[in-house]
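Here are a few friendly notes to read alongside the model. Please have the structure open as you go through the points.

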Amino acid sequence: MERTPFEDEERNAQRALNEAKKRALAEKYGAQFGEGDSRLSPELESQWLNYIDEFERQFENARRVTVREFVGNPKFKPLGEVPPEQLEAELDSVLEFLSLHSIVVDSVADVSNAELYRFTTTELMDVETDDIRIDGMMHHFIYEEFHPNDQHDAKMFAEHFLWDLFQRRTEDALQAFSNDEIYDSAGIRLDREEMRRRLDQLYASFVAFPESKHEPLDCSVDGDYAVVRLQSSWSGLQAVSMKQVSHSGVTVLRMKRSPYGGFDVVQANVVGWNF
């Protein structure tokens with residue numbers, strides 16, 4: 001349905017008000033906004049700007065409080081007093097209570113109900129957060145931010161590397177390798193430029209990779225190093241013959257803890273291709 005001239009005037013007026021609001025936020029809080037028209041409608045953009053204004057207003061004077069204080073100093077049952085058969089329901093009740101008070105607790109890896117209950121009802125309660133309360137705003141806490149899971153992280157970064165590799169994302173795949181330690185599949189040390197040359201060689205040999213699947217099998221961690229084994233299958237369309245070839249088997253990636261978080265690739269033994 002076409003908008004009437006009156007509706008167009010209202011939208012233009014709202015856009016003008018939004019631009020004035022942006023200038024005020026920039027002047028008062030140093031907020032920065034991109035150039036060009038917003039993808040939001042003028043009405044939604046106005047709501048968004050009001051949200052920013054309220055957040056900045058509260059943040060400017062916000063005090064730090066514990067999660068316990070933020071949610072009203074609740075009393076939770078100690079883990080040892082919760083019968084095993086009631087633990088899941090009790091955990092759900094605690095998480096629902098926190099959600100109603102704008103606190104979300106989550107995990108990215110498998111964490112037992114008992115451990116998540118312990119963490120949520122004791123350890124998390126003493127963590128500090130900004131005392132900011134806005135409708136719709138949630139304070140999000142991830143279990144692994146407090147208890148890193150090296151095996152999960154190594155598997156995740158291994159999968160990301162293989163995804164980038166078979167999506168022909170040269171720079172991303174190259175960036176996944178360690179800055180100071182790279183080996184080929186035979187254990188010979190390489191520099192980054194040699195690894196780039198080998199990646200270019202791979203992509204020159206295949207015009208496309210129609211299939212690429214990699215499922216982690218297991219992971220072992222020893223200090224700063226990890227070894228991830230994945231069940232891999234991939235197919236490639238050869239550049240010269242245009243013949244499709246397929247490979248399947250176990251891919252082994254040796255990883256090293258990154259100074260920036262997560263894990264970098266040190267050595268890649270990808271089934272069907274030797275680096």
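1. Which residue with a positive phi follows H4? In this predicted model, that residue is Ser102, with phi near 70°.

2. Now to H4 itself, which runs over residues 87-100. Its 14 residues should span 20 Å at 1.5 Å a residue, and the end C-alpha atoms are indeed 20 Å apart, so the expected and modelled spans agree.

3. The buried residues of H4 are worth picking out on your display: Leu87, Glu90, Leu91, Val94 and Leu98. They lie on the same side of H4, because the arc they cover around the axis is only 100°. As a reminder, an α-helix has 3.6 residues a turn, so residues three or four places apart point the same way.

4. What lies over that buried side? The cover includes strand S2 (103-106) and helix H5 (113-123). On the face of H4 turned away from the buried side you will find the exposed residues Glu88, Ala89, Glu96 and Leu100.

5. Please also look at Ser235, in strand S8 (residues 225-238). Its relative accessibility is 1%, and buried means under 20%, so Ser235 counts as buried. Beyond its neighbours within four places in sequence, Ser235 is in contact with Ala208, Phe209, Pro210 and Glu211, and also with Gln244, Val245 and Ser246.

6. Finally, the chain as a whole. It has nine helices and eleven strands, and 35% of its 275 residues count as buried. Of the contacts between residues at least 6 apart in sequence, 65% join residues at least 24 apart. The accessible surface comes to about 16,600 Å², with 48% of it belonging to carbon and sulfur atoms.

Key. Residues are numbered from 1 along each chain as its sequence is written. This is a predicted model: local features need pLDDT of at least 70, side-chain atom pairs count only at pLDDT 80 or more; totals for chains, interfaces and linings use all residues. Side-chain values use heavy atoms; hydrogens and water are left out. Helices (H or I, at least four residues) and strands (E, at least two) are DSSP runs, numbered from the N terminus. The expected span of a helix is 1.5 Å times one less than its number of residues. Buried means under 20% relative accessible area, exposed over 50%, partly exposed in between (1.4 Å probe, protein chains only). The arc is that of the directions from the helix axis to the C-beta atoms. Contact means heavy atoms within 4.5 Å. Accessible areas come from the Shrake-Rupley method with a 1.4 Å probe; for residues, only the protein chains shown count as cover.
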